[in-house]
Amino acid sequence: MSVILDAEDVFSLGPVAAVAAIRRALAEGLDPDGDVPRSVIALTNGQGLLMPSESRGWFGVKVATVAPGNAARGLRRINATYILHDSETLTPVAILDGVALTTLRTPAVAVAACLDRLRDLADSSADGLRIVVFGTGPQGEGHVRTIGAHVPVADVTAVTRFGGAAPAWADRHLAAGDATVVGRVCGADVVVAATSAREPVVDGHLVRDSAVVLAVGSHEPEARELDGALMGRATVVVESRDIAFREAGDVVLAVREGRLDPDSLVTMADLLGSGAAVRPDRPMVVKTSGMAWEDLVVAVEVYRQAGRRV
(Lines give C-alpha, C1' and ligand atoms only; values in the text may rest on other atoms or scores of the structure.)
Protein backbone atom coordinates (compact mmCIF):
# COMPACT_ATOMS: atom_id res chain seq x y z
CA MET A 1 0.00 0.00 0.00
CA SER A 2 1.38 3.42 -0.96
CA VAL A 3 1.90 5.97 1.78
CA ILE A 4 0.83 9.56 1.17
CA LEU A 5 3.53 12.11 1.97
CA ASP A 6 2.22 15.66 2.00
CA ALA A 7 4.14 18.93 1.81
CA GLU A 8 4.89 18.89 5.54
CA ASP A 9 6.36 15.39 5.24
CA VAL A 10 8.52 16.46 2.29
CA PHE A 11 9.82 19.66 3.88
CA SER A 12 10.57 17.84 7.13
CA LEU A 13 13.57 16.25 5.41
CA GLY A 14 15.22 19.67 5.50
CA PRO A 15 17.78 21.31 3.21
CA VAL A 16 20.88 19.85 4.88
CA ALA A 17 19.74 16.26 4.32
CA ALA A 18 18.56 17.08 0.79
CA VAL A 19 21.92 18.61 -0.17
CA ALA A 20 23.78 15.68 1.40
CA ALA A 21 21.66 13.20 -0.57
CA ILE A 22 22.46 14.91 -3.88
CA ARG A 23 26.18 15.10 -3.13
CA ARG A 24 26.28 11.50 -1.94
CA ALA A 25 24.51 10.18 -5.04
CA LEU A 26 26.97 11.92 -7.37
CA ALA A 27 30.00 10.91 -5.29
CA GLU A 28 28.82 7.30 -5.50
CA GLY A 29 28.72 7.43 -9.29
CA LEU A 30 25.18 8.38 -10.31
CA ASP A 31 25.38 9.52 -13.94
CA PRO A 32 22.97 12.38 -14.74
CA ASP A 33 23.62 11.92 -18.47
CA GLY A 34 22.02 8.49 -18.18
CA ASP A 35 18.71 10.03 -17.08
CA VAL A 36 15.62 9.96 -19.29
CA PRO A 37 14.91 13.46 -20.67
CA ARG A 38 11.71 15.05 -19.47
CA SER A 39 8.73 15.00 -21.81
CA VAL A 40 7.03 18.34 -22.30
CA ILE A 41 3.48 18.17 -23.63
CA ALA A 42 1.70 21.21 -25.02
CA LEU A 43 -1.73 21.51 -23.42
CA THR A 44 -4.63 23.83 -24.16
CA ASN A 45 -3.85 26.08 -21.20
CA GLY A 46 -0.19 25.40 -20.53
CA GLN A 47 2.23 22.49 -20.41
CA GLY A 48 2.38 18.99 -18.97
CA LEU A 49 5.72 17.53 -17.88
CA LEU A 50 6.63 13.88 -17.27
CA MET A 51 9.91 13.25 -15.45
CA PRO A 52 10.79 9.56 -14.91
CA SER A 53 14.03 8.19 -13.45
CA GLU A 54 15.38 4.87 -12.18
CA SER A 55 18.43 4.49 -9.95
CA ARG A 56 19.81 2.22 -7.22
CA GLY A 57 16.69 0.16 -6.62
CA TRP A 58 14.08 2.85 -7.10
CA PHE A 59 11.90 4.17 -9.91
CA GLY A 60 9.97 7.40 -9.70
CA VAL A 61 8.04 9.74 -11.93
CA LYS A 62 6.87 13.31 -11.44
CA VAL A 63 3.79 14.50 -13.28
CA ALA A 64 3.72 18.30 -13.35
CA THR A 65 1.63 20.97 -15.03
CA VAL A 66 2.43 24.61 -15.75
CA ALA A 67 -0.56 26.92 -16.19
CA PRO A 68 0.53 30.53 -16.85
CA GLY A 69 -3.03 31.80 -16.51
CA ASN A 70 -3.43 30.52 -12.97
CA ALA A 71 -1.89 33.60 -11.39
CA ALA A 72 -4.88 35.68 -12.50
CA ARG A 73 -7.15 33.06 -10.92
CA GLY A 74 -5.31 33.15 -7.61
CA LEU A 75 -4.10 29.58 -8.17
CA ARG A 76 -0.67 27.98 -8.26
CA ARG A 77 1.13 28.25 -11.59
CA ILE A 78 2.77 24.85 -11.12
CA ASN A 79 1.17 21.68 -9.75
CA ALA A 80 2.87 18.30 -9.41
CA THR A 81 2.57 14.80 -7.98
CA TYR A 82 5.44 12.34 -7.47
CA ILE A 83 5.01 8.55 -7.43
CA LEU A 84 7.86 6.44 -6.00
CA HIS A 85 8.21 2.73 -6.83
CA ASP A 86 10.38 -0.12 -5.66
CA SER A 87 12.43 -1.13 -8.74
CA GLU A 88 12.33 -4.87 -8.06
CA THR A 89 8.56 -5.29 -7.95
CA LEU A 90 7.61 -1.95 -9.57
CA THR A 91 5.12 -1.52 -6.76
CA PRO A 92 4.28 2.09 -5.89
CA VAL A 93 5.36 2.70 -2.31
CA ALA A 94 4.70 6.42 -1.88
CA ILE A 95 2.88 9.37 -3.40
CA LEU A 96 4.55 12.67 -2.60
CA ASP A 97 3.54 16.31 -2.95
CA GLY A 98 5.45 17.13 -6.13
CA VAL A 99 5.42 20.91 -5.65
CA ALA A 100 7.03 20.60 -2.23
CA LEU A 101 9.54 18.11 -3.63
CA THR A 102 10.53 20.52 -6.41
CA THR A 103 10.75 23.42 -3.95
CA LEU A 104 13.09 21.40 -1.72
CA ARG A 105 15.29 19.75 -4.32
CA THR A 106 15.92 22.70 -6.65
CA PRO A 107 17.99 24.75 -4.18
CA ALA A 108 19.48 21.54 -2.81
CA VAL A 109 20.93 20.76 -6.24
CA ALA A 110 22.36 24.25 -6.74
CA VAL A 111 23.89 24.36 -3.26
CA ALA A 112 25.23 20.82 -3.59
CA ALA A 113 27.20 21.97 -6.65
CA CYS A 114 28.75 25.04 -5.02
CA LEU A 115 28.90 24.08 -1.34
CA ASP A 116 32.69 23.94 -1.18
CA ARG A 117 32.93 27.42 -2.76
CA LEU A 118 30.31 28.76 -0.33
CA ARG A 119 32.26 27.42 2.62
CA ASP A 120 35.46 29.03 1.32
CA LEU A 121 33.64 32.35 0.97
CA ALA A 122 32.20 32.03 4.47
CA ASP A 123 35.63 31.26 5.91
CA SER A 124 36.99 34.50 4.45
CA SER A 125 34.01 36.59 5.62
CA ALA A 126 33.90 38.33 8.97
CA ASP A 127 30.14 38.16 9.45
CA GLY A 128 28.60 35.96 6.77
CA LEU A 129 27.69 35.98 3.10
CA ARG A 130 25.88 38.75 1.28
CA ILE A 131 23.20 37.48 -1.09
CA VAL A 132 21.24 39.21 -3.84
CA VAL A 133 18.17 37.34 -5.07
CA PHE A 134 16.34 38.25 -8.27
CA GLY A 135 12.81 37.00 -7.66
CA THR A 136 10.69 36.69 -4.51
CA GLY A 137 8.95 33.39 -5.21
CA PRO A 138 9.39 30.04 -3.44
CA GLN A 139 12.71 29.35 -5.17
CA GLY A 140 14.21 32.66 -4.12
CA GLU A 141 13.28 31.92 -0.54
CA GLY A 142 14.35 28.28 -0.85
CA HIS A 143 17.83 29.16 -2.04
CA VAL A 144 18.36 31.66 0.77
CA ARG A 145 17.22 29.17 3.39
CA THR A 146 19.30 26.34 1.91
CA ILE A 147 22.44 28.49 1.77
CA GLY A 148 21.76 29.71 5.31
CA ALA A 149 21.44 26.13 6.56
CA HIS A 150 25.06 25.52 5.53
CA VAL A 151 26.95 28.80 6.00
CA PRO A 152 26.38 32.08 7.88
CA VAL A 153 24.41 34.71 5.96
CA ALA A 154 24.84 38.39 6.85
CA ASP A 155 22.53 40.18 4.44
CA VAL A 156 19.89 39.39 1.81
CA THR A 157 18.57 41.75 -0.86
CA ALA A 158 15.54 40.76 -2.95
CA VAL A 159 15.12 42.40 -6.37
CA THR A 160 12.05 42.39 -8.60
CA ARG A 161 10.75 44.63 -11.39
CA PHE A 162 8.71 46.83 -9.08
CA GLY A 163 10.12 46.27 -5.59
CA GLY A 164 7.80 46.42 -2.59
CA ALA A 165 7.68 45.22 0.98
CA ALA A 166 10.58 42.99 1.97
CA PRO A 167 9.68 39.28 2.26
CA ALA A 168 10.34 37.70 5.64
CA TRP A 169 13.53 36.04 4.39
CA ALA A 170 15.16 39.25 3.05
CA ASP A 171 16.48 42.44 4.63
CA ARG A 172 15.17 44.65 1.82
CA HIS A 173 13.24 44.50 -1.46
CA LEU A 174 14.41 46.76 -4.28
CA ALA A 175 13.04 47.54 -7.73
CA ALA A 176 15.32 46.44 -10.55
CA GLY A 177 15.85 50.06 -11.63
CA ASP A 178 16.88 51.26 -8.17
CA ALA A 179 20.37 52.76 -8.31
CA THR A 180 21.44 50.85 -5.21
CA VAL A 181 20.97 47.47 -6.92
CA VAL A 182 24.28 47.93 -8.75
CA GLY A 183 26.18 48.32 -5.50
CA ARG A 184 24.41 45.33 -3.96
CA VAL A 185 25.35 43.07 -6.90
CA CYS A 186 28.94 44.36 -6.92
CA GLY A 187 29.27 43.49 -3.23
CA ALA A 188 27.44 40.17 -3.32
CA ASP A 189 29.07 36.85 -2.49
CA VAL A 190 26.09 35.02 -3.98
CA VAL A 191 23.64 36.09 -6.67
CA VAL A 192 20.50 34.00 -7.19
CA ALA A 193 18.39 34.31 -10.35
CA ALA A 194 15.03 32.65 -9.73
CA THR A 195 12.64 34.43 -12.07
CA SER A 196 10.36 33.78 -15.01
CA ALA A 197 12.30 36.34 -17.09
CA ARG A 198 13.29 35.56 -20.65
CA GLU A 199 16.00 38.22 -20.84
CA PRO A 200 19.02 38.70 -18.52
CA VAL A 201 18.25 40.14 -15.11
CA VAL A 202 21.90 40.29 -13.96
CA ASP A 203 24.57 42.55 -15.48
CA GLY A 204 27.46 40.13 -15.74
CA HIS A 205 30.07 42.87 -15.60
CA LEU A 206 29.07 43.67 -12.01
CA VAL A 207 29.61 40.21 -10.53
CA ARG A 208 32.73 39.77 -8.39
CA ASP A 209 35.38 37.29 -9.52
CA SER A 210 34.94 35.36 -6.28
CA ALA A 211 31.13 35.25 -6.41
CA VAL A 212 28.76 32.35 -6.90
CA VAL A 213 25.79 32.83 -9.24
CA LEU A 214 22.88 30.37 -9.14
CA ALA A 215 20.50 30.49 -12.11
CA VAL A 216 17.41 28.32 -11.75
CA GLY A 217 14.48 30.16 -13.31
CA SER A 218 14.46 28.95 -16.91
CA HIS A 219 14.55 25.61 -18.73
CA GLU A 220 13.95 26.69 -22.32
CA PRO A 221 16.66 27.22 -24.96
CA GLU A 222 15.48 30.74 -25.84
CA ALA A 223 15.05 32.02 -22.28
CA ARG A 224 17.90 33.27 -20.10
CA GLU A 225 18.50 35.08 -16.81
CA LEU A 226 22.27 35.56 -17.23
CA ASP A 227 24.06 37.44 -20.00
CA GLY A 228 26.92 36.31 -22.21
CA ALA A 229 29.34 38.65 -20.45
CA LEU A 230 29.02 36.67 -17.20
CA MET A 231 28.90 33.25 -18.84
CA GLY A 232 32.05 34.05 -20.80
CA ARG A 233 34.13 34.97 -17.74
CA ALA A 234 32.79 32.34 -15.35
CA THR A 235 33.33 28.68 -14.65
CA VAL A 236 29.92 27.31 -15.65
CA VAL A 237 28.65 24.23 -13.83
CA VAL A 238 25.66 22.29 -15.19
CA GLU A 239 23.78 19.14 -14.24
CA SER A 240 24.37 17.53 -17.64
CA ARG A 241 25.96 18.83 -20.83
CA ASP A 242 23.20 17.26 -22.91
CA ILE A 243 20.44 18.90 -20.87
CA ALA A 244 22.29 22.22 -20.82
CA PHE A 245 22.53 22.31 -24.60
CA ARG A 246 18.89 21.27 -24.96
CA GLU A 247 17.16 23.34 -22.26
CA ALA A 248 19.44 25.96 -20.68
CA GLY A 249 19.06 29.18 -22.62
CA ASP A 250 21.72 30.80 -20.43
CA VAL A 251 24.17 28.30 -21.92
CA VAL A 252 22.70 27.92 -25.41
CA LEU A 253 22.55 31.64 -26.16
CA ALA A 254 26.00 32.40 -24.73
CA VAL A 255 27.49 29.65 -26.92
CA ARG A 256 25.58 30.96 -29.93
CA GLU A 257 27.01 34.43 -29.29
CA GLY A 258 30.54 33.05 -29.14
CA ARG A 259 30.91 34.13 -25.49
CA LEU A 260 31.02 30.64 -23.96
CA ASP A 261 33.18 27.69 -25.08
CA PRO A 262 30.90 24.63 -24.94
CA ASP A 263 33.87 22.41 -24.09
CA SER A 264 34.50 24.47 -20.94
CA LEU A 265 31.31 23.36 -19.17
CA VAL A 266 31.87 21.49 -15.91
CA THR A 267 29.25 18.97 -14.79
CA MET A 268 28.20 18.30 -11.23
CA ALA A 269 29.48 14.75 -11.69
CA ASP A 270 32.87 16.21 -12.66
CA LEU A 271 32.91 18.18 -9.42
CA LEU A 272 31.48 15.72 -6.95
CA GLY A 273 32.34 12.43 -8.62
CA SER A 274 35.70 13.07 -10.28
CA GLY A 275 36.89 15.90 -8.04
CA ALA A 276 37.35 18.51 -10.78
CA ALA A 277 38.68 21.84 -9.52
CA VAL A 278 37.03 25.24 -10.00
CA ARG A 279 39.26 28.29 -10.35
CA PRO A 280 38.82 30.67 -7.40
CA ASP A 281 39.64 33.76 -9.50
CA ARG A 282 36.58 33.44 -11.75
CA PRO A 283 32.87 33.64 -10.91
CA MET A 284 31.23 30.26 -10.45
CA VAL A 285 27.91 29.98 -12.27
CA VAL A 286 25.67 27.03 -11.44
CA LYS A 287 22.97 26.70 -14.09
CA THR A 288 20.29 24.12 -13.37
CA SER A 289 17.23 23.18 -15.41
CA GLY A 290 15.84 20.46 -13.15
CA MET A 291 16.28 16.74 -13.83
CA ALA A 292 14.32 13.66 -12.84
CA TRP A 293 17.21 11.98 -10.99
CA GLU A 294 17.22 14.86 -8.53
CA ASP A 295 13.57 14.34 -7.65
CA LEU A 296 14.19 10.61 -7.23
CA VAL A 297 17.21 11.01 -4.93
CA VAL A 298 15.39 13.42 -2.63
CA ALA A 299 12.08 11.51 -2.77
CA VAL A 300 13.82 8.34 -1.60
CA GLU A 301 15.29 10.22 1.37
CA VAL A 302 11.87 11.65 2.24
CA TYR A 303 10.36 8.15 2.10
CA ARG A 304 13.11 6.67 4.24
CA GLN A 305 12.74 9.39 6.83
CA ALA A 306 8.98 8.86 6.93
CA GLY A 307 9.60 5.16 7.57
CA ARG A 308 11.96 5.96 10.44
CA ARG A 309 9.30 8.16 12.03
CA VAL A 310 6.67 5.40 12.03
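**Pockets, cores and a buried helix in a predicted model**

The lining of the largest pocket divides into 22 nonpolar, 17 polar and 11 charged residues. The model in which this pocket appears is a predicted one. About 1500 Å³ of space lies in the largest pocket, and of the 50 residues that line the pocket, Arg77, Ile78, Thr195, Ser196 and Gly217 are the closest to its centre. Several elements contribute to this lining: α1 (7–11), β3 (46–55), β4 (58–66), β5 (78–86), α4, α5 (138–148) and β8 (153–160) each supply at least two residues. The largest share, 7 residues, comes from α4.

Helix α4 also takes part in the second largest pocket, where its contribution of 8 residues is the most given to the lining. This second pocket has a volume of about 240 Å³. It is lined by 16 residues, and those nearest its centre are Asp116, Arg117, Asp120, Val278 and Met284. Along with α4, helix α10 (268–272) supplies at least two residues of the lining. By class, the lining of the second largest pocket holds 12 nonpolar and 4 charged residues, with no polar ones.

Turning to enclosed space, a search of the whole structure finds 1 cavity of 30 Å³ or more. The space in the largest cavity comes to about 60 Å³. Around the cavity stand Asp35, Val36, Pro37, Arg38, Ile243, Glu247, Gly290, Met291 and Ala292. This lining divides into 5 nonpolar, 1 polar and 3 charged residues.

The overall architecture gives these spaces their setting. The chain has 11 helices and 14 strands. Its radius of gyration is 19 Å, close to the 19 Å that the globule rule gives for 310 residues, so the chain is as compact as a globular protein of that length. Along the principal axes, the C-alpha trace spans about 55 × 45 × 40 Å. Of the 310 residues, 52% count as buried. Among contacts with a separation of 6 or more, 67% are accounted for by residues 24 or more positions apart.

One pair of residues distant in sequence is arginine 24 and valine 297: they are 273 residues apart along the chain, and their C-alpha atoms are 9.6 Å apart in space. Arginine 24 has its place in helix α2 (residues 15–27), and with a relative accessible area of 37% this arginine is partly exposed.

The interior comes next. The largest nonpolar core has 63 residues, and those with the most contacts inside it are Ile22, Leu84, Leu96, Leu118, Leu214 and Met268. Helix α4 (residues 98–123) gives the most to this core, with 14 residues. Apart from this core lies another, of 27 residues, including Val213, Ala234, Ala244 and Val285. The surroundings of leucine 214 can be followed in some detail. Once its neighbours within four places in sequence are left aside, leucine 214 is in contact with Ala110, Cys114, His143, Ile147, Val190, Val191, Val192, Ala193 and Val286.

Helix α9 (residues 249–256) offers a further view of the interior. Of its 8 residues, 6 are buried, so this helix is largely enclosed by the rest of the structure. The buried residues are Gly249, Asp250, Val251, Val252, Leu253 and Ala254. Their cover includes the strands β11 (212–215), β12 (235–238) and β14 (284–287), together with the helices α7 (228–233) and α8 (241–247). Just after α9, glycine 258 takes a positive phi of about 80°.

Strand β14, part of the cover over α9, is followed by a loop worth a look of its own. Threonine 288 lies in this loop, between β14 and α11 (292–309). The relative accessibility of threonine 288 is 4%, so this residue counts as buried. With neighbours within four places in sequence left aside, threonine 288 is in contact with Val109, Ala215, Val216, Ser218 and Glu239.

Key: Residues numbered from 1 in each chain as written. Predicted model: local features only at pLDDT ≥ 70, side-chain atom pairs only at ≥ 80, totals over all residues. Heavy atoms only, no water. Buried < 20%, exposed > 50% of the residue type's maximum accessible area, 1.4 Å probe, protein only. Helix = DSSP H or I, 4+ residues; strand = E, 2+ residues; numbered from the N terminus. Contact = heavy atoms within 4.5 Å. Core = buried A, V, L, I, M, F, W, Y, C linked by side-chain atoms within 4.5 Å. 1 Å grid on protein atoms, 1.4 Å probe; cavity = no way out; pocket = protein on both sides within 12 Å on 5 of 7 lines; lining within 4 Å. Points joined across faces, edges and corners; volume = space filled by probe spheres on them. Nonpolar A, V, L, I, M, F, W, Y, C, P; charged D, E, K, R; others polar. Rg over C-alpha atoms; globule rule 2.2 N^0.38 Å.
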